Structures are given as structure tokens and as C-alpha cells.
Amino acid sequence: MDRRAWLIGSGLCVLGRAAFGAPSAPSLAMMAREGGVLLIRHTSTEPGVGDPPGFILGQCSSQRNLSEAGRAEAIGIGAWFSQHGLQPRAVLSSQWCRCQDTARLAFGRYEDWPALNSTFSTQDQQAPQLQMLRRRLRQLPSGALEVWVTHQVIMTGLTGAYPAMGEGFLVDAGGTLRARGLMRSGS
């Protein structure tokens, strides 16, 4: 089975899970208070896989972007953080517009970090990017919380798990997945 077919099939499994209600994340909030990095996959997008041919970073009109539902989900993530009193020391984002928009709507701030960029069409870049992520994880001060808004391929590459759009994975300094869940206000 080729990579694209596997990703589409895996995505359909996740869509099925999301349609029936993926779990919320109360334990995610409790564990995030202890520190780590909360990886967040960008929220829901317009239909499609990857980006249109010839897309350009920095030119949102050439990319697959957040849907209305995705924008509302991102605002909900910000409300979830406020509800749980979580204040990340840094919010880092992929340079793709759907990640930047998720970070901006949820947190009102972000810093671009190319290590979080998608490697969907550039597999040769994944190993060096994952190495940069692991290096920053190891340097994270004990008890500190950061948020990294990124893509499925990065989150799966780092943890081996497949995230739904808008799902968060809390990882420790070793990159181990400690908790995961959807961050919805009221949960």
C-alpha cells in the first residue's frame, strides 16, 4: 500500500472516530499543569488532502485553509485553556496558514517554527525536523508548558500515534505521549 493510500485510510478511521465523538481531555488538562509540550494538530480544514499543487507558504489563498468549523474549534481550544488556567510559555506554529490561524484564534499569539512544517510531500525533511523537535523537548525546563501547532505527519512521526484535527498530544521531554484528547470548552 502506498503512503498516500495509507494516510487517506487512516484519516477515514479518524473521521469516523470524530463523528462518533472522540473523548474530551480533562486528564490532558491535569497532566499539562505538570509541564511538557502540547502538540496540537491544526483544526478542521476545507475538504482535501495535503495542499493544492503549486501552493506557496505565506500565501494563504494557495493553501488548504481552516473551515468555519475549524475556526470555531480553534476559538474553543483557547477557551479550554482559559477554563483550565493553562498558560503556555510559548506558542510555536508551522508556517502553514491553517496552523498559524489555529494558533492565532486559540492563543492570540504564535511564533513560526519551520521544524513544525508539514513533511507530507517532502519526506526527506522529516528526520532533520524531528531531530530539532526532540532537541527542544530535551531543553524544556521542568514544569514548563509549551504549545506547538503542527500537522498530522509531524505528530505521528514524533509519537507514532494518529491525531484528529484539533486534537492535542501532551509529550514529555523524551517525546513520549503522556495524554491526548480534544480540547473543548466545558470539558
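Arg136 is partly exposed at 28% relative accessibility (buried means under 20% relative accessible area, exposed over 50%, partly exposed in between, with a 1.4 Å probe and protein chains only). Arg136 forms a salt bridge with Glu146, and their closest N and O atoms are 3.0 Å apart (a salt bridge is a side-chain nitrogen of Lys or Arg within 4 Å of a carboxyl oxygen of Asp or Glu). This is a predicted model, so local features need pLDDT of at least 70 and side-chain atom pairs count only at pLDDT 80 or more, while totals for chains, interfaces and linings use all residues. Residues are numbered from 1 along each chain as its sequence is written, and side-chain values use heavy atoms, with hydrogens and water left out.

**Salt bridges**

- A search of the whole structure turns up six salt bridges.
- Let's stay with Glu146 and Arg136 for a moment: the two link distant parts of the chain, with Glu146 in strand 4, Arg136 in helix 5 (residues 126-139), and their positions ten residues apart. Helices (H or I, at least four residues) and strands (E, at least two) are DSSP runs, numbered from the N terminus.
- Glu146 is buried, with a relative accessible area of 0%, whereas its partner Arg136 is partly exposed.
- Arg89 joins this pair, as Arg89, Arg136 and Glu146 are linked in a network of salt bridges.
- Glu167 and Arg180 also meet through their side chains, in a salt bridge of 2.8 Å from N to O. Glu167 lies in strand 5 and Arg180 in strand 6, so this pair ties together parts that are 13 residues apart in sequence.
- Glu167 is buried at 1% relative accessibility, while Arg180 is partly exposed with a relative accessible area of 31%.
- Within helix 4, Arg104 and Asp101 form a salt bridge of 3.1 Å, N to O. These two residues are three apart, about one turn of the helix, and Arg104 is partly exposed at 42% relative accessibility.
- As general background, side chains of opposite charge can pair when their charged atoms come close.

**Cysteines**

- There is one disulfide by the rule used here (a pair of cysteine sulfur atoms within 2.5 Å).
- The disulfide joins Cys60 to Cys97, with an S to S distance of 2.0 Å. Cys60 sits in the loop between strand 1 (36-41) and helix 3 (68-83), and Cys97 in helix 4 (residues 97-107), so the pair links distant parts of the chain, 37 residues apart.
- The torsion about the S-S bond of Cys60 and Cys97 is about -90°, so this disulfide is left-handed.
- Cys60 counts as partly exposed at 33% relative accessibility, whereas Cys97 counts as buried at 1%.
- Which cysteine sulfur is closest to that of Cys99? The answer is the sulfur of Cys97, at 9.4 Å, which is too far for a bond. Cys99 is buried, with a relative accessible area of 0%.

**Sheet and helix packing**

- Six strands make an open sheet with mixed pairing, in the order 3-2-4-1-5-6 (two strands pair if DSSP finds at least two bridges between them).
- Strand 3 (111-112) and strand 6 (177-182) stand at the edges with a single partner strand each, so one side of each has no neighbour in the sheet.
- Strand 1 pairs with strand 5 (residues 167-171) in the antiparallel sense, over four bridges. Leu39 has Phe169 in strand 5 as its bridge partner.
- Helix 6 (residues 152-159) packs on the sheet and touches strand 1, strand 4, strand 5 and strand 6, with its direction at about 140° to that of strand 1. Contact means heavy atoms within 4.5 Å.
- Helix 3 lies across strand 1 and strand 4 (145-150), running at about 155° to strand 1. Axes are lines fitted to C-alpha atoms, for helices over the stretch in contact, and angles run from 0 to 180 degrees between N-to-C directions.

**The chain as a whole**

- The protein chain has six helices and six strands, following the pattern α-α-β-α-β-α-β-α-β-α-β-β along the sequence.
- Of its 187 residues, 50% are buried.
- Among contacts between residues at least 6 apart in sequence, 65% join residues at least 24 apart.
- The chain exposes about 8600 Å², with carbon and sulfur atoms supplying 55% of it. Accessible areas come from the Shrake-Rupley method with a 1.4 Å probe, and for residues only the protein chains shown count as cover.
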